[in-house]
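Let's take a friendly walk through the open and closed spaces of a protein model. Here it is to look at first.

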Amino acid sequence: MKSTCSAVALGLAVAVGSSVALADQTIKTPGDHPHYKIEIEPHGLIGFDAFGWGGFGFGAGLRASVPIMDNGFIPKINNVPAITFGVDWMHFDGGCWYGYFGGCSANSFYFPVGLQWNFYVAKSWSVFAEIGIAPYYTAYSDYCDGFYPPGSRDLASCQNGRPSHLRVEPWGSVGGRYHFNEHVALTMRLGLPSISIGVSFM
């Protein structure tokens, strides 16, 4: 039994060591990554209360990323910078800043654009960071429904307090991909104002 346990422990140590060595070898081997002209990534979204309207958001989006260098800003490691851009739609319920006036919903359209920096850390894994700006348009509905009587001055004041608008906000995220092969990957992203899970086609 002791010999068996020792053999299993040794096997696990070798396996873990081999995995670490493989990861190190990949990140230290510039050019050992999928080579593509554009990445197309449809994804689903879960939104946060990022800009003050409250509630829970959900939606969908599409991202495109175009590599600008085959090997990036640090020549000795396996990294690829890219320009990333796209469009996201999210629907929010249950708040909208002054939700206690009767509740509202909102539809937001984001147009993120920025720099994506990819690091290929293992044969099947890459991680990335993104930074840029996100112009977005938010349209509110049901803003003061059910609280003030129709035609009242208070209703007019409430409706004018949070009108639909177009704004630009700083934007950033971090994420990772599990590469099924050189052309398809599962992509996960954590950022502001949402998290996303999608599939990348390269």
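## Spaces and core

The largest pocket has about 160 Å³ of volume. A pocket here is an open set of points on a 1 Å grid over the protein atoms alone, with protein on both sides within 12 Å along at least five of seven lines; lining residues have an atom within 4 Å of a point. Among the residues lining this pocket are Asp-32, His-33, Tyr-120, Lys-123, His-179 and Glu-182.

The model is predicted, with local features needing pLDDT of at least 70 and side-chain atom pairs pLDDT 80 or more, while totals for chains, interfaces and linings use all residues. Residues are numbered from 1 along each chain as its sequence is written, and side-chain values use heavy atoms, without hydrogens and water.

Turning to closed spaces, there are 2 cavities of 30 Å³ or more, a cavity being a set of points where a 1.4 Å probe fits but cannot get out. The largest cavity holds about 120 Å³. It is lined by 17 residues, and Arg-63, Asp-88, Trp-171, Leu-192 and Ser-194 are the closest to its centre. Strand S8 (184-191) is among the elements giving two or more residues to this lining, and S8 gives the most, with 3 residues.

Here are both linings by class:

| Lining | Nonpolar | Polar | Charged |
|---|---|---|---|
| Largest pocket | 4 residues | 5 residues | 3 residues |
| Largest cavity | 9 residues | 5 residues | 3 residues |

Finally, Leu-45, Met-90, Phe-92, Ala-106, Tyr-110 and Tyr-136 form the largest nonpolar core, a set of buried residues (under 20% relative accessible area, 1.4 Å probe, protein chains only) joined through side-chain atoms within 4.5 Å. S3 and strand S4 (105-110) each supply at least two residues of this core.

Conventions:
Points joined across faces, edges and corners; volume = space filled by probe spheres on them. Helix = DSSP H or I, 4+ residues; strand = E, 2+ residues; numbered from the N terminus. Nonpolar A, V, L, I, M, F, W, Y, C, P; charged D, E, K, R; others polar. Buried < 20%, exposed > 50% of the residue type's maximum accessible area, 1.4 Å probe, protein only.
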